[in-house]
Amino acid sequence: MQTAREERLQKLALAYRDVEWLGTRWYWNMFLFITVGILIEWTDLPMLILAIPAVFLASDFRYQLKKQKILDGYISKAQVRRQFLLRVGSHVLLYAVLTIVIIQTIEEPFWKMLVAIFAILTPLYFISEWIIRRDGARDPDYISDREVARFVKQKGTSKWNTYSSDKHV
């Protein structure tokens, strides 16, 4: 018999696996990076580098929408909406800051751009994750996105269904 938390984790993992194809399959990432690199060379538009985080943002937004629908059955609508807005809001904020940093440092050498990105975005990322974790601590059965991603990686890419833990062969 599964607890509500285990059931929720399994449903979230299935949603993550179905939607988060960029995070779970390395060849999609390579294809994306190569395609953007080729487009930058052909069009001579270095701003196309912003397409990479935009694709990741769109992929995560799709997962957050599915997550919101799944959590509606377990926790209050106000808590679901708050978690959704915190997660999506932090990602939009991080993407906006990344865009500004890239625009400001586009003429600089690549290593200076990377240093600026890491120096500015790393503290912002850790602060936003801390706020989200603190908000999640209100729910004793809170499941973080990181925990869902770890669960998906433990299961691997094998085909597993929602009742795999109930079957013993």
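Let's start with the buried side of helix α6 in this predicted model: Met-113, Ala-116, Ile-117, Leu-121, Ser-128, Glu-129, Ile-132, Asp-135 and Gly-136 are the buried residues there. These residues pack against α5 and against α7, which covers 145–155.

Now follow α6 along its length. The helix runs over residues 110–136, 27 residues in total, and spans 37 Å from its first C-alpha to its last, close to the 39 Å expected at 1.5 Å a residue. On the way you will meet a kink of about 30 degrees at Leu-121, shortly before the proline Pro-123. Leu-121 also belongs to the buried set of α6.

Next, have a look at the aromatic rings, of which two pairs are found in the structure. In one of them, Phe-61 and Phe-84 sit 6.0 Å apart centre to centre, with 55 degrees between the planes, a tilted arrangement. This pair ties together distant parts of the chain, since Phe-61 lies in helix α4 (residues 51–71) and Phe-84 in helix α5 (residues 77–105), 23 residues apart. How buried or exposed are the two partners? Phe-61 has 35% relative accessibility and so counts as partly exposed, whereas Phe-84, at 12%, is buried because the cut-off for that label is under 20%.

The other pair brings us to Tyr-125 and Phe-126, whose rings meet edge-to-face, 5.5 Å centre to centre and with 70 degrees between the planes. Tyr-125 has a relative accessible area of 31%, so this residue is partly exposed.

How values were computed: Residues numbered from 1 in each chain as written. Predicted model: local features only at pLDDT ≥ 70, side-chain atom pairs only at ≥ 80, totals over all residues. Heavy atoms only, no water. Phe/Tyr/Trp six-rings, centres within 6.5 Å; stacked < 30°, edge-to-face > 60°. Helix = DSSP H or I, 4+ residues; strand = E, 2+ residues; numbered from the N terminus. Buried < 20%, exposed > 50% of the residue type's maximum accessible area, 1.4 Å probe, protein only. Expected span 1.5 Å × (residues − 1). Bend = angle between axes of the 7 residues up to and from the residue. Contact = heavy atoms within 4.5 Å.
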